[in-house]
Every structure is written in structure tokens, then in C-alpha cells.
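Reader: I should be grateful for a close look at a single part of this model, set in the context of the chain as a whole.

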Amino acid sequence: MTIADTKVQDGSLDVTHPNGDVDLTSVVLATNDDAHDVTVVAGGDIWVAPATGGDARILVSHPANESQPQYSPDGKLIVFSSNRAYFSSKPSEEDAARFEKDPAYFLDLYVMNSDGSGVRRLTEAPGYDGGPF
């Protein structure tokens, strides 16, 4: 995926994909020590690209839905929500019915290093665990 045009001005962010066919459902501007990066959720996966534009690389890819990425203040970690635990084993009939009605019920919080490594689960309580952060 290539982020063709990314403009940051007065705290707003405009991201345009060259094909116009990628659903950019969540865009987060983040500052780390050496650059500005943009995290983008597309197809339920988390991508990162330079805020100045250029090639994106995938940080998290999973059959589940990853969403709401947010950098830590120092830019070293990214917290995000995911329903990946729902897919880790065969769900009960009750859970499957609940998932059909409300997949957000199964969202938990996860954290990873800003390079996509070290993904670990932070919450395990039933019910929605997600942003805003």
C-alpha cells in the first residue's frame, strides 16, 4: 500500500490513497523521537507510513479486526483494540450469537512496540475495551 499524499497542517491530517479504493477507517498522527508517522487501519490491519507520504508497511495483520491505534507519548509503543481473542478457540454458541449482534463486545486492549513486535494483551474482561484513549 502506498500513501500517495499525506499533509499535516494546523493539527489536521489528510491522507489520500492513489487508487482511492482502500478503506482508511482510522488515521492517527503520531510523533516519535525521529519522525512523524501515520498509522492507518485498512482491512482490519494496522499499517504505518511516513507522514510526509510514501510506502506503508504492515504492523499488525490478523484474521480479527484491529482498530483504534494510538502511540504512547514517547512514540515507543502503540496501544490498539482487537477482537483476536475471540478467534483463538471455538466460541460457544452463546458467544457466537453475541458476536453476530455485537462484535465490539469482544474487543480487548493490546500493546505492541512501534515496529509491530511484542504484541501483548492488556485486558481480558468481558465487554467492550476500546478507545477513545
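Is Asp 108 buried or exposed, and what is its relative accessible area? Please describe the surroundings of this residue in connected form.

Author: The model is a predicted one, and Asp 108 is buried in it, with a relative accessible area of 5%. Under 20% is the range that counts as buried, so a value of 5% places Asp 108 in that class.

The side chain of Asp 108 meets that of Arg 121 in a salt bridge, at 2.8 Å from N to O. Asp 108 belongs to strand β11 and Arg 121 to strand β12, so the pair ties together parts that lie 13 residues apart in sequence. Side chains of opposite charge can pair when their charged atoms come close. Arg 121, in contrast to a buried residue, is partly exposed, at a relative accessible area of 34%.

Both strands belong to an open sheet of four strands, ordered β9-β10-β11-β12 and paired in the antiparallel sense. β9 (66–71) and β12 (120–121) stand at the edges with a single partner strand each, so one side of each is left without a neighbour in the sheet. Within this sheet, β11 (residues 108–113) pairs with β10 (residues 77–82) over six bridges, again antiparallel. One residue pair in this arrangement is Ser 81 with its bridge partner in β11, Leu 109.

The structure holds two salt bridges. Besides the pair at Asp 108, Glu 66 forms a salt bridge with Arg 84, where the closest N and O atoms are 3.2 Å apart. This pair also links distant parts of the chain: Glu 66 is in strand β9, while Arg 84 is in the loop between β10 and α1 (93–101), 18 residues away. Glu 66 and Arg 84 are both buried; for Arg 84 the relative accessibility is 16%, so the residue counts as buried. Leaving aside residues up to four places away in sequence, Arg 84 touches Val 60, His 62, Ala 64, Glu 66, Tyr 110 and Val 119.

Two of these neighbours lead to the nonpolar interior. The largest nonpolar core has 11 residues in all, including Val 60 and Tyr 110, together with others such as Leu 59, Ile 78, Phe 80 and Met 112. At least two residues of this core come from each of β6 (45–50), β8 (57–60), β10 and β11. Leu 59, one of the core residues, touches Ile 46, Trp 47, Val 48, Ile 78, Met 112, Ser 114, Asp 115 and Gly 116, when residues up to four places away in sequence are not counted.

As for the chain as a whole, its secondary structure amounts to one helix and 12 strands, running β-β-β-β-β-β-β-β-β-β-α-β-β from the N terminus. Of its 133 residues, 41% count as buried. The accessible surface comes to about 7600 Å², and carbon and sulfur atoms account for 48% of that area.

Confidence varies along the chain. The mean pLDDT is 76, with 72% of the residues reaching 70 or more. Among the elements, β12, which carries Arg 121, has the highest mean pLDDT, 95, and strand β1 (residues 2–3) the lowest, 44. Over residues 1–13 the pLDDT is below 50, and this stretch has 41 contacts in the model beyond near neighbours in sequence.

Note on methods. Residues numbered from 1 in each chain as written. Predicted model: local features only at pLDDT ≥ 70, side-chain atom pairs only at ≥ 80, totals over all residues. Heavy atoms only, no water. Pairing = 2+ DSSP bridges. Salt bridge = Lys/Arg side-chain N within 4 Å of Asp/Glu carboxyl O. Buried < 20%, exposed > 50% of the residue type's maximum accessible area, 1.4 Å probe, protein only. pLDDT = per-residue confidence, 0-100. Contact = heavy atoms within 4.5 Å. Areas by Shrake-Rupley, 256 points an atom, 1.4 Å probe, with all protein chains shown as cover. Core = buried A, V, L, I, M, F, W, Y, C linked by side-chain atoms within 4.5 Å.
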